[in-house]
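Let's take a quick tour of the open space and the packed interior of this one. Have the viewer ready and follow along.

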Amino acid sequence: MRAIFLLLAVSIFGAFCSPIPSISDDVYSDPICPGNIKNLWLDVVVVVRNTLTQVLGSISTIGPVKYPADPRSTCVGVVTYDDNATTQSQLDASKSFSDLYNVIQSSLTAVDSTNTSYLSLALLAAEKALKDGRNRTYRFNYKKVIIAFAADYQGQGTALDAMPIANRLKDNAVTIITVACTSNSDKQAAIQGIASPGFDLVDEMDTPKLVKQLTNALLSANCFCPEEWIQYRSDPNNSTSTQYGICVRGYKATGGSYGYQHAIDYCASAVPGAYLANEFSLNKHAFMIKYMETTWAWEFSPVEYFIGLSYQHNQWVWEQTTGQARIPLDPNGFSMWAPGYPQKNSTDQVIAIQQWSGHPKQEVIE
């Protein structure tokens with residue numbers, strides 16, 4: 001699933017906008033990230049386990065594709081490890097699921113062959129597989145993922161500690177999904193520390209459950225925002241809260257005659273189909289406020305920004321992407337308007353969020 005982009009325009013006000021139509025049946029809701037497992041755009045290195053064949057077998061295209069082919073493809077490399085790490089298959093080696101299945105099956109005999117295993121060596125091998133594979137395939141715009149199955153965590157506090165390597169990978173935008181294959185709570189906690197936030201799983205010997213969890217984890221990793229864009233989450237203070245297929249970015253307008261219409265025009269030109277965004281829920285509103293407070297408060301206090309609500313043809317309507325009809329304001333939906341609002345101004349078009357002095361969380365329109 002590709003994310004929706006919300007652009008924040010900031011002058012005396014700010015604004016939010018979005019370029020991809022909502023996939024929800026409810027026009028007053030925002031699309032949650034998980035989409036179709038068939039259409040992943042990922043580069044994945046698996047520190048191997050047989051369960052992965054059930055997960056990756058659902059993906060439509062395994063292996064690199066060349067323009068103008070459909071870019072929705074997933075490359076998968078395979079690494080095994082014990083007291084050493086071996087790259088069983090490079091990132092771009094498997095051209096089909098059949099290729100990948102054979103690699104995974106033949107690699108299983110190399111897993112857990114000793115009582116010594118260093119996850120750090122596996123992560124280093126996975127890192128190299130990702131780098132080398134990208135240099136050969138030029139898939140630099142694909143999200144990078146490592147799926148690591150581990151029954152133990154050895155080498156803590158030594159040169160073979162996996163944590164520094166994992167932190168470097170995560171700092172470089174690699175999503176690490178861990179699966180703890182142990183019931184030992186201490187080992188589970190150690191392995192969990194390697195994972196990206198919200199991507200730590202435990203193998204409870206329930207294969208269907210684990211397959212579903214891994215599928216959801218890959219879908220979540222597949223839903224991300226480009227550099228300089230912020231992803232909408234249900235809780236702006238919690239990085240593991242529900243992700244939505246919406247990206248936010250701000251810009252500073254010039255004000256004056258370039259106010260609301262300038263925000264609309266900028267959204268439309270910034271990315272294809274972008275438009276001033278909605279606030280259909282308290283969560284969305286809280287996210288907008290948090291974004292403004294952390295990004296623009298040093299220039300604009302109190303917080304003020306444009307939203308895509310305007311008065312047209314005797315009704316309030318929300319902006320939509322080009323070619324789609326505007327959505328009427330739901331009179332029974334979420335609102336935190338100050339007394340007497342919303343009300344149109346002399347131009348019948350400009351609406352902005354301001355923090356009303358009588359209640360810091362309520363809004364007025366100007």
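The largest pocket in this predicted model holds about 970 Å³ of space. It's lined by 36 residues, and the ones closest to its centre are Lys143, Phe199, Gln231, Arg233 and Gln243. Here's how that lining splits up by class:

| Class | Residues in the lining of the largest pocket |
|---|---|
| Nonpolar | 18 residues |
| Polar | 13 residues |
| Charged | 5 residues |

Which elements give two or more residues to that lining? They're β5, β6, α6 and β8 (230-233). Of the elements, α6 gives the most, with 5 residues. Both domain 1 (15-33 + 227-353) and domain 2 (42-222) are represented, each with at least three lining residues.

Now for the packed interior. The largest nonpolar core is made of 28 residues, and Val44, Val145, Ile147, Ile177, Leu214 and Leu218 have the most contacts inside it. At least two residues of this core come from each of β2 (42-47), α1 (52-56), β3 (74-81), α2 (97-107), β5 (143-150), β6 (174-180) and α6 (207-222). Once again α6 stands out, since the largest share of the core, 7 residues, is from this helix.

Want one residue to click on? Try Val145: leaving aside residues up to four places away in sequence, Val145 touches Leu42, Asp43, Val44, Val45, Val174, Thr175, Ile177, Leu218 and Ala221. There's also a second, separate core, with 27 residues, including Tyr81, Ala125, Ala148 and Ala150.

Notes: Residues numbered from 1 in each chain as written. Predicted model: local features only at pLDDT ≥ 70, side-chain atom pairs only at ≥ 80, totals over all residues. Heavy atoms only, no water. Core = buried A, V, L, I, M, F, W, Y, C linked by side-chain atoms within 4.5 Å. Buried < 20%, exposed > 50% of the residue type's maximum accessible area, 1.4 Å probe, protein only. Helix = DSSP H or I, 4+ residues; strand = E, 2+ residues; numbered from the N terminus. Contact = heavy atoms within 4.5 Å. 1 Å grid on protein atoms, 1.4 Å probe; cavity = no way out; pocket = protein on both sides within 12 Å on 5 of 7 lines; lining within 4 Å. Points joined across faces, edges and corners; volume = space filled by probe spheres on them. Nonpolar A, V, L, I, M, F, W, Y, C, P; charged D, E, K, R; others polar. Domains from an automatic or database assignment.
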